[in-house]
Amino acid sequence: MKGNTAKTALCGMVSALSLALMMFEGLVQVASIAMPALAGCLLIPIVAEAGLKWAFGSYGATAALCLLLTPDKEAALIYLLFFGYYPALFAVLGKIKNAAARWGAKLLVFNGAAVGEALLATYVLGIPWEDIPFLPMPWGVVALLLMANVVFVLYEFTLAGLIREYFRRVHGKLSKYFK
């Protein structure tokens with residue numbers, strides 16, 4: 001397989017596996033953030049081997065199918081608004097030379113997605129804030145956003161490590177199929 005055929009096959013397999021992970025999330029309710037994060041990490045080979053255009057296309061197909069087919073719509077929303085595209089965006093934001101500007105852009109994207117997800121979950125999916133008893137208003141929301149930012153920073157370092165390991169162990173073996 002050469003060229004576009006190999007890229008199409010890779011995108012199809014990654015999209016199918018991402019969708020399968022998102023469907024599995026419906027069986028394990030505590031994985032509503034972990035499964036979208038794991039499914040998003042599957043974009044790493046597409047970004048590395050096929051490029052950003054293919055990665056964003058695969059993300060779009062997977063996100064649409066997740067919204068239609070997955071039982072947990074909040075997890076699908078989390079995938080759609082952040083984890084699904086972030087590994088591809090990671091490559092784009094990584095080109096920002098200034099470290100402070102790069103981190104500022106990453107935190108801006110994450111916080112925008114987190115606030116957007118919370119608003120859509122509340123006003124579109126109808127998930128009330130009162131279902132989270134340990135978060136009294138309004139300071140609970142601020143505390144939740146701060147904790148989410150800490151988790152994002154950990155995710156960022158983990159994603160960078162996964163990308164490094166992918167290039168170290170796998171990229172050389174696969175790259176010949178995508179030229």
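A crossing of two helices is called right-handed if the near helix is turned clockwise from the far one by less than a right angle, and left-handed if it is turned anticlockwise. With that in hand, H1 passes H5 in a right-handed crossing. Please keep in mind throughout that this is a predicted model.

Let me stay with that pair for a moment. The axes of H1 and H5 come within 9 Å, and they cross at roughly 145 degrees. From H1, the residues involved are Ser18, Met22 and Glu25, and they meet Ala75, Ala76 and Tyr79 of H5. Sorted by class, this contact has four nonpolar residues, one polar and one charged.

Next, H4 against H5. Their axes also come within 9 Å, with a crossing angle of roughly 165 degrees. An angle over 145 degrees counts as roughly antiparallel, so H4 is roughly antiparallel to H5. The crossing here is left-handed. H4 contributes Tyr59, Thr62, Ala63, Cys66, Leu67, Leu68 and Leu69, while H5 contributes Lys73, Ala76, Tyr79 and Leu80. The class count for H4 with H5 is nine nonpolar, one polar and one charged. Note that Ala76 and Tyr79 appear in the contact with H4 and also in the one with H1.

H4 has a further partner, H6. The axes of H4 and H6 come within 9 Å and cross at roughly 150 degrees, which makes this pair roughly antiparallel too. The crossing of H4 past H6 is left-handed. Leu52, Ala55 and Phe56 are the H4 residues in the contact, and Ala88, Leu89, Ala91 and Val92 are those of H6. How do the residues of the contact of H4 with H6 divide by class? There are seven nonpolar, no polar and no charged residues.

On to H6 itself. Six of its eight residues are buried, so the helix is mostly covered. The buried ones are Tyr86, Pro87, Ala88, Leu89, Phe90 and Leu93. Take leucine 93 as a case. Its relative accessibility is 9%, and therefore it counts as buried. Setting aside neighbours within four places in sequence, leucine 93 is in contact with Tyr86, Arg102, Ala105 and Lys106. From leucine 93 to cysteine 11 the C-alpha distance is 22 Å, with the two positions 82 residues apart in sequence numbering.

For contrast, look at valine 141 in helix H8. At 29% relative accessibility, valine 141 counts as partly exposed. Valine 141 and proline 87 lie 26 Å apart, C-alpha to C-alpha, and 54 residues apart in sequence.

Now the core. Nonpolar side chains in soluble globular proteins tend to be buried together. In this model the largest nonpolar core has 44 residues, and those with the most contacts inside it are Ile46, Tyr79, Phe82, Tyr86, Tyr155 and Leu159. Which elements give two or more residues to this core? They are H1 (3–25), H2 (34–41), H3 (44–49), H4 (52–69), H5 (73–83), H6 (86–93), H7 (99–123) and H8 (139–169). H1 gives the most, with seven residues.

Last, one residue from that core, Leu159. Not counting residues up to four places away in sequence, leucine 159 touches Cys41, Ile44, Tyr86, Pro87 and Phe90. Of these, Tyr86, Pro87 and Phe90 are among the buried residues of H6.

Definitions and conventions. Residues numbered from 1 in each chain as written. Predicted model: local features only at pLDDT ≥ 70, side-chain atom pairs only at ≥ 80, totals over all residues. Heavy atoms only, no water. Core = buried A, V, L, I, M, F, W, Y, C linked by side-chain atoms within 4.5 Å. Buried < 20%, exposed > 50% of the residue type's maximum accessible area, 1.4 Å probe, protein only. Helix = DSSP H or I, 4+ residues; strand = E, 2+ residues; numbered from the N terminus. Contact = heavy atoms within 4.5 Å. Axes fitted to C-alpha atoms, helices over the stretch in contact; angles between N-to-C directions. Parallel < 35°, antiparallel > 145°, perpendicular 65-115°, else oblique. Nonpolar A, V, L, I, M, F, W, Y, C, P; charged D, E, K, R; others polar.
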